[in-house]
Amino acid sequence: MITSCPRCATALSTARGAEPWCPRCEWGLAAFEPDRRHPEIGWRWADRATHRIAWRLNESQFRALAHGPLAPRTFTMARAAIMALAVVMLLCVAAAAAAGIWLITYDFPRLTILPGVALLGLAVALRPRFPGPGEAQVLSPEEAPELFALIERVAAATGAPVPHIVGVDSSINAYATAVGIRRRRVLVLGVPLWAALDPQERVALLGHELGHFVNGDVRRLPLQTMALTTLGELASLTRPYLPRGSGLYDLIVGAAQWVLFRVVRALHLLVVSLSQRDSQRAEYLADALAARAAGTPAAVRMMDMFLVTDALETVICREARARRAGAAWREAADTVRRNLAGSLPLLRQLSRREEASLFASHPPTGLRAAMLQCRPHLPAEVTLTESQSARIDEEIAGPMEQARRDLAAAH
Ligand SMILES: [Zn+2]
Ligand SMILES: [Zn+2]
C-alpha cells in the first residue's frame, strides 16, 4: 500500500475512511469511489465516466469563476436547449389532449373512444405542474417581526426582492423557490440549521437564499420546470411493470417498455445534467451575495458547516431526544465544529471527490468555501446582534419545539 505521494513524496491523507490522496498536490483526489447504495446510472463504467466528466467540469468552472467575472448569464446553450425541448413537449401534450378529445367525440359512440380516453389520460398525467410550498409552516410578519425585519435588511443589501412566503420546517437545510402558476417567491428555513448558526452566519444563510431570487436559476423558470417534471413523470410512466407473464406478448411488451424507459430516462438525465451546470453557477453567485450581506468570513464559516452536517445531525438529534433545543443546538454545533476544525482542509478536498456528479445541483462544498476565499474579501453590510438573534429564536419558539419533537421521533 502506498503511504506517500508518488509525485511530491508528501504523506498521503484520508478522512472518513476514503481512499487516500495527497493533501499537497492533490494526487489521487479525483479517484472515483462508487457509492453502492446510490449508483447514479447503474453501470459502474458509466458512473466512473460521468464522475470524471463532472470532476473536470467542476474544476474548470471553479477556475473560470474564481479569477474571472462572477456575473449571472442570461443566455446559455443549455437553457436554450431545455427551452426548446419544453416547448416541443408542451405541444405534444396539447396535441395528445386534442387528439384524445377528437377520438372520443368523433361520431360518438364508437370504439375510437378507447384510444381517445387513453390519449386524454396520458395528456392529463403529463400536464405541466406547479408544485406548492410543501410541508413548511408559514410565518406571518406579525408572528416574527424581528425575522422579517432581518430578511428586509438582507434583501436591501443584496438587491433581492423580498419573498412572498416565509416558512420554517424541521430540516437541517434551507431553500428558496418559486411556487404555483404565479411563481410566488418562497423562502423556507430549517429551524435546526438556523438554530445551529451564529448570528452573522444566519445573515449569510439569508443572503445566499435571497440571492436565488436575484440570479436566474434554470429550474425555477416555468417552462424549464415543466420540461424536468414532465420528463420525470414520463420516465416513471414507462418504467417496466413486474411481475409479468412469460408469454410472447408479455415478452414483446416488456422489451418495448424496457427500451422506451431507458430512452426517456437517458433524456431526463441529460436535461437534468444540463440544467445542473447552470444551477451550480447560480449557487456560486448566491454565495457571493451571502458574502456581501454577511461578510466573507461568516459566509465561509457557514459553508464549512455544510461539510460537517452528518456530525451536526447526530448531535442535534441527541439534544432533541434529551428535550433540549435552541441554544443547546448551537452549543452542540459549536462543539462539533471545534472538534473538526483541524480536519476542515481535508474535508474540503474530499467533498470535491464525493460531491462531483453531473446530477448535483450544488458545486462541491469545499469549492464553494474556496471560491469565497479566492475572490475579494467583503465586509458585512448587515450585522445581526446576539440579542436580535435571540429575539428571532423567541419568535420561532413554536416551530422550534415542533422541530425538536420531529427530530426526536425520527431518530
Ligand atoms: Zn503530492
Ligand atoms: Zn442555494
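This passage describes the two zinc sites of a predicted model.

The zinc ion (ligand 1) is held by protein donors that are cysteine sulfur atoms: Cys5 (SG), Cys8 (SG), Cys22 (SG) and Cys25 (SG). These donors lie 2.2 to 2.3 Å from the ion. The angles subtended by the four donor atoms run from 102 to 120°. Four donors count as tetrahedral if all angles lie between 85 and 135 degrees, and the arrangement around the zinc ion (ligand 1) is therefore tetrahedral.

Along the chain, the donors of the zinc ion (ligand 1) follow the spacing C-x2-C-x13-C-x2-C. Cys8 and Cys22, which are 14 residues apart, link distant parts of the chain, and each of them belongs to the segment before α1 (44–67). With regard to accessibility, Cys8 has a relative accessible area of 24% and is partly exposed. Cys22 has a relative accessibility of 0% and counts as buried, since the term buried applies under 20% relative accessible area.

The zinc ion (ligand 2) has the protein donors His208 (NE2), His212 (NE2) and Glu283 (OE). The distance from these donors to the ion is 2.1 Å. In sequence, the donor residues of the zinc ion (ligand 2) show the spacing H-x3-H-x70-E. His208 and His212 are both part of helix α6 (residues 199–214). Because these two histidines are four residues apart in the helix, about one helical turn separates them. Both His208 and His212 are buried.

How values were computed. Residues are numbered from 1 along each chain as its sequence is written. Chains are lettered from A and ligands numbered from 1 in the order in which they are written. This is a predicted model: local features need pLDDT of at least 70, side-chain atom pairs count only at pLDDT 80 or more; totals for chains, interfaces and linings use all residues. Side-chain values use heavy atoms; hydrogens and water are left out. Donors are N, O and S atoms within 2.8 Å of the metal (3.2 Å for Na, K and Ca); water is not among the atoms, so sites may look incomplete. Four donors count as tetrahedral if all angles lie between 85 and 135 degrees; four count as square planar and six as octahedral if opposite donors are over 155 degrees apart and all others between 65 and 115; anything else is irregular. Buried means under 20% relative accessible area, exposed over 50%, partly exposed in between (1.4 Å probe, protein chains only).
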